[in-house]
Amino acid sequence: MKPYGFDFFQVAGMNEEKPQLKAFLEAISVLQWVLSFLFLGVACIILMVYLMFTSLWPLPTLYFIWLVNDWQTPERGGRVTTFVRKWKVWEQFREYFPVKLVKTADLNPNKNYIFGSHPHGIMCVGAFACFSTESCGFAETFPGVKSTLVILAGLFKIPLFREYLMCAGLCPVSKPSLVHLLSKSGKGNAVVIVVGGAAESLASSPGINRVVMKQRKGFVRTALEHGADLVPVYSFGENELFQQVIFSEDSLGRRLQGLFKTIMGFAPCLFVGERIALLPYRKQVTTVVGSPISVPKCVTPTEKQVDHYHGLYMEALSKLFHEHKVSCGLSESHKLEII
């Protein structure tokens, strides 16, 4: 008789060289994260609405009263909990792919930084593992520097879900939030922005190295306003984790995705992972942090200054990609497409 869980590993396409218990724990760790990414926000809304129509209605009522007073907390640095960032589950999450953090230069803890993370992929696995958990050793790799991954601001309006996000050290990618992190939280702050956003996620597919960058200049302007150095980051393997149905630009499917993105701020992707669909493929993700680009502080930067440092950033990102692509599993012929 096969031991419990054996068929699960076969279905999920797990590496048979790993002990079954370890493979199971890794798969469950990733599955809970994927389910949280996709459904936890909706589940929190449904739960709160349901409780309002039960005998437990005082609980959500008291929570909403407290929520009004706490509404601005996400934009004031949130409520990061070291315990959550160091959960053992994230170590299993890291090992599933695995995810690896690579440093190419030291960062001065007496400065602030804006990391531009590329590509978005479907779920930003590399950015989350390296910058929102301690599973990849960011604190040891960059002593004195604290990373904060900033994400869609609308997610922090979802009751209960916002608390979970803040415990993991996530903050909204909004102007007040960035101002607080870069000017009111001291030095040694690295704000991580997934620059390509929803538009880039729609281009995510195995074998594609495409980043949405040419018209994304807001993060450069913010860096100039606060004198924060720019740091390019590329996660090799991010686009290999899921297969996605990519619609042509003039198709009904792409128009519906664009409409949804306009209304909700993110784009629904039709994707599939390994044979149980939700689990991503076991592909190594190597997140390479480039050298910082020194940026002067200009309270009101001109368009010329923004364009200049935006150009320097794109050159540095392209250089980072080509210097590390072979060591990270790509062939010499692979090119980086910046759109």
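Mentor: Buried means under 20% relative accessible area, exposed means over 50%, and partly exposed is in between (1.4 Å probe, protein chains only). The model is predicted: local features need pLDDT of at least 70, side-chain atom pairs count only at pLDDT 80 or more, and totals for chains, interfaces and linings use all residues. Residues are numbered from 1 along each chain as its sequence is written, and side-chain values use heavy atoms, with hydrogens and water left out.

Trainee: Buried, exposed or in between: which is Asp307?

Mentor: Take the value for Asp307, a relative accessible area of 36%. The cut-offs are 20% and 50%. Asp307 therefore counts as partly exposed.

Trainee: With which residue does Lys217 form a salt bridge?

Mentor: A salt bridge needs a side-chain nitrogen of Lys or Arg within 4 Å of a carboxyl oxygen of Asp or Glu. For Lys217, the closest N and O atoms of the bridge are 2.8 Å apart. The partner is Asp307.

Trainee: How many residues apart in sequence are the parts that this pair ties together?

Mentor: Helices (H or I, at least four residues) and strands (E, at least two) are DSSP runs, numbered from the N terminus. Lys217 lies in the loop between β6 (210-211) and α11 (218-226), and Asp307 in helix α13 (residues 303-324). So the pair ties together parts of the chain whose separation in sequence is 90 residues.

Trainee: What is the count of salt bridges by this rule?

Mentor: One of them joins Arg282 to Glu26, with the closest N and O atoms 3.1 Å apart. Arg282 lies in the loop between β9 (271-272) and β10 (285-289) and Glu26 in helix α2 (residues 20-52), so parts 256 residues apart in sequence are tied together. Both Arg282 and Glu26 are buried. The count comes to 17.

Trainee: Which residue forms a salt bridge with Glu163?

Mentor: The closest N and O atoms are 2.6 Å apart in this bridge between Glu163 and Arg79. Glu163 sits in helix α8 (residues 161-167) and its partner in the loop between α3 (58-70) and α4 (82-85), 84 residues apart. Glu163 is buried at 16%, while the partner is partly exposed at 31%. That partner is Arg79.

Trainee: What is the order of strands in the open sheet?

Mentor: Two strands pair if DSSP finds at least two bridges between them. The open sheet has seven strands and mixed pairing. Its edge strands, β1 (99-103) and β4 (171-172), each pair on one side only. The order is β1-β10-β7-β2-β5-β3-β4.

Trainee: Which residue in β5 stands opposite both Leu149 and Phe115?

Mentor: Strand β3 (residues 146-151) pairs with β5 (residues 189-194) in the parallel sense over five bridges. Five bridges also join strand β2 (residues 113-118) to β5, again parallel. Leu149 and Phe115 stand opposite one residue of β5, namely Val192.

Trainee: How many of the six residues of β5 are buried?

Mentor: Start with the faces. Asn189, Val191 and Ile193 are buried on one side, and Ala190, Val192 and Val194 on the other. The number of buried residues is six.

Trainee: How many residues does the largest nonpolar core have?

Mentor: A nonpolar core is a set of buried Ala, Val, Leu, Ile, Met, Phe, Trp, Tyr and Cys residues joined through side-chain atoms within 4.5 Å. In the largest one, Phe93, Phe115 and Phe131 have the most contacts (heavy atoms within 4.5 Å). Beyond four places in sequence, Phe131 touches residues including Phe115, Leu149 and Val192. The size of this core is 48 residues.

Trainee: How far from Cys130 is the nearest cysteine sulfur?

Mentor: A disulfide is a pair of cysteine sulfur atoms within 2.5 Å, and the count here is zero. The sulfur nearest to Cys130 is that of Cys136, yet Cys130 is in no disulfide. Cys130 is buried, with a relative accessible area of 0%. The distance to that sulfur is 3.8 Å.

Trainee: Stacked or edge-to-face: which are the rings of Trp90 and Phe93?

Mentor: Rings of Phe, Tyr and Trp (its six-membered ring) pair if their centres lie within 6.5 Å; planes under 30 degrees apart count as stacked, over 60 as edge-to-face and the rest as tilted. By this rule there are 20 aromatic pairs. The rings of Trp90 and Phe93 have centres 6.0 Å apart and planes at 90 degrees, so the pair is edge-to-face.
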